[in-house]
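The following exercises concern contacts between protein and DNA. Please work through each task before reading its solution.

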2 protein chains.
Amino acid sequence: MDHRLLRTFVTTAQSPTFGAAAARLRITQPALTKQVQQLERLAGTVLFVRGRRGARLTAAGRTLLAEATELDRRLREFDHRLRRLAAGEEGHLALGFGLSSIELAPSLVARFRDRCPEITVALDDLPSSVQVERLRTGRLDGAFVRMPVPPDLEAIPLARDRLAIASARGVEPPGTGVLAAWLEDHPLVRLRPARGPGLTAQVDGMLEELGCRPEIVQEADDLQTVLALTAAHLGVAVVPASAERIAPPGVQLVAIDAPRAEWEVGFAWNPAATSGALRRFLPLLDRGGA
Amino acid sequence: MDHRLLRTFVTTAQSPTFGAAAARLRITQPALTKQVQQLERLAGTVLFVRGRRGARLTAAGRTLLAEATELDRRLREFDHRLRRLAAGEEGHLALGFGLSSIELAPSLVARFRDRCPEITVALDDLPSSVQVERLRTGRLDGAFVRMPVPPDLEAIPLARDRLAIASARGVEPPGTGVLAAWLEDHPLVRLRPARGPGLTAQVDGMLEELGCRPEIVQEADDLQTVLALTAAHLGVAVVPASAERIAPPGVQLVAIDAPRAEWEVGFAWNPAATSGALRRFLPLLDRGGA
DNA sequence: GTGATCCATTCCGCAAGGTTATCGCAGGCC
DNA sequence: GGCCTGCGATAACCTTGCGGAATGGATCAC
């Protein structure tokens, strides 16, 4: 059962003559006659009685009309929704973000929600490895990730971030030159590696670069907790400088000026699966992230 | 939006690979690929992420799937209903009957309901002129009518009926020879002409043939009332002999043996508008009406 | 490397649908 | 009665586009 036939049936039922129905459907009358005949062949029943003054539904036709009208309406709505989806006037945007974009993601998403209120946005906090996998399988439309990204994904850089020493106020970290020695004396609170593989790797890499292996006194499940423990003098921590935004009052962050302490944060997406909603989102980055 | 594309979308979403979906749809994989591409062009969005191990829905595709599935299901149901309608396994039969078929119609319809319980039957009591008009405009599938019928309708004869004198028991009508004179002395109760134009014409014709113009003492709106008034000795009546079936105990019917007292009752339908349900009904007449 | 698997592309044949032109039929109107 | 008009059906033709077969290309397993 074709939408075309359905539409023809409904329109013809509402029109006084075949000719009028054909005009409304923007086809010629013979084409409409053929469609009606095809319908009647399908139903095995005459649906219209052709008279001198046009055509009227038979009893059999009348029993089908209500259902056909409803179906036609729903199909039109579906079409309409498809068009809006294509135009990006409606839709859903599934985004991911992680520790590396604590600062960026919420503000950008807020701006997007403001600009495109018809598009619903889901923002999931996920480890970057999961984000990449979901971008590949299409479960995410885009994600804020640590750069660079695998070559099959596309990405634009948004901001640089760097590691910082988080310590309770009064516990002053030294300059970079003596940081390694200082860290040997100050045990670390750190994020559980499984909760932030990317960040953990970044920290480990930098520490290795500095040539120090500080003691780990505690692991926590999220940055907020790490910072809270730091404020409680349990130890110091190495966190993204952008975590300033979520740091409790008793904690100070001092950026580290070391070779591998810096990285780039960007927005990544799967060029093989860009949605209309995503196409509405991307322009925001050029203006907002530069 | 074509049902074909809808079906393809839903099936592909439920299949691990394009090849599997194509097999389920009984088409080849290139054909399916083209349909999916067409869909994605319509939606302006990639709907499936093609990977090494098949294709999976994107987030955008997932938002469409529920609605598409529902629409697909309803379209299938509509198809199914059309097929059942065509096969006459389901449907609706709008029949008309009148005074001339008081006896025939109910029993035949009861037999049909018994045999084809899936087909709903509407039985309307209508003047024969209205019946013919509704047969022409397709509002009735068939009707029990006084024969003959206009040439654009088809009909098969079912039974003969004849006029009868209805009188209260004890009031014995004479033989046909002296009926005219007897009637001059016995005022008539009759059906209001508008309620049974055919029957009235038949009665008037016969009376004219007999050369008598009896007095009308009362008109009533239906045969039951006519017979009841007859039982109450208000007068006698000329009614179809088949009205025996609905006559109250105090009334006797004596058939009239006069030239224009007899007519044929048949079943008529519009050959230009025969429905599947009607095709199931017609065979009953050959066996049941002969 | 080789084969297997899966999707994309190309090309071809054919059926389906649309248009134009014409017919048949039934009223309505001089 | 003859003619015109309006409506649906039919015929002939043409275009479109869908489906099938063959092939390509990428990726993964062995």
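**Exercise 1.** Identify the polar contacts made to phosphate oxygens of DNA strand C.

*Solution.* Step 1: begin with Q37(B), where an N or O atom of the side chain is 3.0 Å from a phosphate oxygen of DNA strand C; a polar contact here is a pair of N or O atoms within 3.5 Å. Step 2: in G19(B), a backbone N or O atom lies 3.1 Å from a phosphate oxygen of this strand. Step 3: the side chain of R4(A) places an N or O atom 2.6 Å from a phosphate oxygen of DNA strand C.

The model is predicted: local features need pLDDT of at least 70 and side-chain atom pairs pLDDT 80 or more, whereas totals for chains, interfaces and linings use all residues. Residues are numbered from 1 along each chain, chains are lettered from A and ligands numbered from 1 in the order written, and side-chain values use heavy atoms, without hydrogens and water.

**Exercise 2.** Determine which part of DNA strand D each of T33(A), R50(A) and K34(B) contacts.

*Solution.* Step 1: T33(A) has a side-chain N or O atom 3.1 Å from a phosphate oxygen of DNA strand D. Step 2: R50(A) likewise addresses a phosphate oxygen, with a polar side-chain atom at 2.8 Å. Step 3: for K34(B), a polar side-chain atom lies 2.9 Å from a base oxygen of DNA strand D.

**Exercise 3.** State how the residues of the surface near DNA strand C divide by class.

*Solution.* Near means that a heavy atom of the residue lies within 4 Å of the strand. The division is 6 nonpolar, 9 polar and 6 charged, with Ala, Val, Leu, Ile, Met, Phe, Trp, Tyr, Cys and Pro as nonpolar, Asp, Glu, Lys and Arg as charged, and the others, Gly among them, as polar.

Technical notes
Polar contact = N/O pair within 3.5 Å; in protein donor to acceptor, adjacent residues only side chain to side chain.
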